[in-house]
Amino acid sequence: MEQKNKTNVREMALIALMAAVTCIMGPLSIPIGVVPISLTNLAVYLAIYVLGCKRGTMSYCVYLLIGLVGIPVFSGFTGGVGKLFGPTGGYLIGFIFMALICGWLIDKSACKLLPSFIGMVLGTVVCYAFGTAWLAYQGGMSFYAAMAAGVLPFIPGDLAKMVVAAIVGPQLRRRLAQAGIVQNGK
């Protein structure tokens, strides 16, 4: 029974740690228009590699809740419910589905490069869809105009973040498992 509690405390600490990493990386952004370039998706990819699908998604949800209560952890050091209902709120919600999709494929493939990369691409496409639909609605623009503002400029950078995550993530997961910090790489 005591071992179970230790595991739960360890898991909660790891979830909180990766939420904190996202809180550090998320606000760092470059404003290029309505939608800024941020490191949030890289933090989510890394959380998935370190924690696995379920716990990685939980860490993002903790980050989201921290931002929603007003702590300035969103892009540009902003926070609050208004951010969720603002033009970029769809991306914030889309990150949940991105984490689930890429996390599932990363877990199922045991961090193999191609399936993991495909998972990150598919998850990001779903995030883009949520973000673009909300941006179009919020901004009173066509879906294509929202795509031009909120997706097209980000594709090269997001692909670069996926490459970084695909290289660093499995190494980080393996080293943490060897150190006994995570169980079976999860």
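Start by selecting helix α5, residues 113–139, in this predicted model. Helix α5 has 27 residues and reaches 37 Å from its first C-alpha to its last, which is close to the 39 Å expected at 1.5 Å a residue. Next, colour the buried residues of α5, which are Ser 116, Gly 119, Met 120, Gly 123, Thr 124, Cys 127, Tyr 128, Gly 131, Thr 132, Leu 135 and Ala 136. If you then show the surrounding helices, you will find that these buried residues pack against α2, α4, α6 (143–150) and α7. Before leaving this part of the chain, step just past the end of α5 to Gly 140, which takes a positive phi of about 60°.

**From α5 to α4**

Select Gly 90, which lies in helix α4, residues 89–108. With a relative accessibility of 5%, Gly 90 counts as buried, because it falls under the 20% cut-off. Setting aside residues up to four places away in sequence, Gly 90 touches Cys 127, Phe 130, Gly 131 and Trp 134, and of these Cys 127 and Gly 131 are listed among the buried residues of α5. A distance drawn from the C-alpha atom of Gly 90 to that of Tyr 137 gives 10.0 Å, although the two residues are 47 places apart along the chain.

**Aromatic rings around α2**

Now display the aromatic side chains; the structure holds six aromatic pairs. One of them joins Tyr 60 and Tyr 63, whose ring centres are 5.5 Å apart and whose planes meet at 45°, so the pair is tilted. Both residues belong to helix α2, residues 40–68, and because they are three residues apart there, about one helical turn separates them. Tyr 60 is buried, with a relative accessible area of 1%, and Tyr 63 also counts as buried, at 0%.

From Tyr 63, move on to Phe 74, with which Tyr 63 forms an edge-to-face aromatic pair, 5.6 Å from centre to centre and with 80° between the planes. Tyr 63 lies in helix α2 whereas Phe 74 lies in the loop between α2 and α3 (81–85), so this pair ties together parts that are eleven residues apart in sequence. Phe 74, like Tyr 63, is buried. Adding Phe 95 to the selection completes the view, since Tyr 60, Tyr 63, Phe 74 and Phe 95 form one aromatic cluster.

**Ser 59, still in α2**

Keep α2 on screen and select Ser 59, which lies in this helix. Is Ser 59 buried or exposed? Its relative accessible area is 0%, so Ser 59 is buried. Leaving aside its neighbours within four places in sequence, Ser 59 is in contact with Ile 15, Met 18, Ala 19, Ala 47 and Leu 51.

**Charged pairs**

Side chains of opposite charge can pair when their charged atoms come close. How many salt bridges does the structure hold? There are three salt bridges to look for.

Begin with Arg 55 and Glu 11, whose side chains meet in a salt bridge at 3.1 Å, N to O. Arg 55 lies in helix α2 and Glu 11 in helix α1, residues 2–25, so the pair ties together parts that are 44 residues apart in sequence. Arg 55 is partly exposed, with a relative accessible area of 22%, and Glu 11, at 23% relative accessibility, also counts as partly exposed.

Continue to Asp 107 and Arg 173, where the side chains meet in a salt bridge at 3.2 Å, N to O. This pair links distant parts of the chain, with Asp 107 in helix α4 and Arg 173 in helix α7, 66 residues apart. Asp 107 is partly exposed, with a relative accessible area of 24%, whereas Arg 173 counts as buried at 7%.

Then select Asp 158, which forms a salt bridge with Lys 161, their closest N and O atoms being 3.2 Å apart. Both residues lie in helix α7, three residues apart, or about one turn of the helix. Asp 158 is buried at a relative accessible area of 7%, and Lys 161 is buried at 10%.

**A last stop on the surface**

Finally, stay with helix α7, residues 155–178, and select Val 163, which is found in it. At 40% relative accessibility, Val 163 counts as partly exposed. Switch to a surface view and add Val 164, Ile 167, Val 168 and Leu 172, which together with Val 163 form a nonpolar patch on the surface with about 390 Å² of accessible area together.

How values were computed
Residues numbered from 1 in each chain as written. Predicted model: local features only at pLDDT ≥ 70, side-chain atom pairs only at ≥ 80, totals over all residues. Heavy atoms only, no water. Patch = residues over 30% accessible without salt bridge, like charges linked within 9 Å, V, L, I, M, F, W, Y side chains within 5 Å. Areas by Shrake-Rupley, 256 points an atom, 1.4 Å probe, with all protein chains shown as cover. Salt bridge = Lys/Arg side-chain N within 4 Å of Asp/Glu carboxyl O. Helix = DSSP H or I, 4+ residues; strand = E, 2+ residues; numbered from the N terminus. Buried < 20%, exposed > 50% of the residue type's maximum accessible area, 1.4 Å probe, protein only. Contact = heavy atoms within 4.5 Å. Phe/Tyr/Trp six-rings, centres within 6.5 Å; stacked < 30°, edge-to-face > 60°. Expected span 1.5 Å × (residues − 1).
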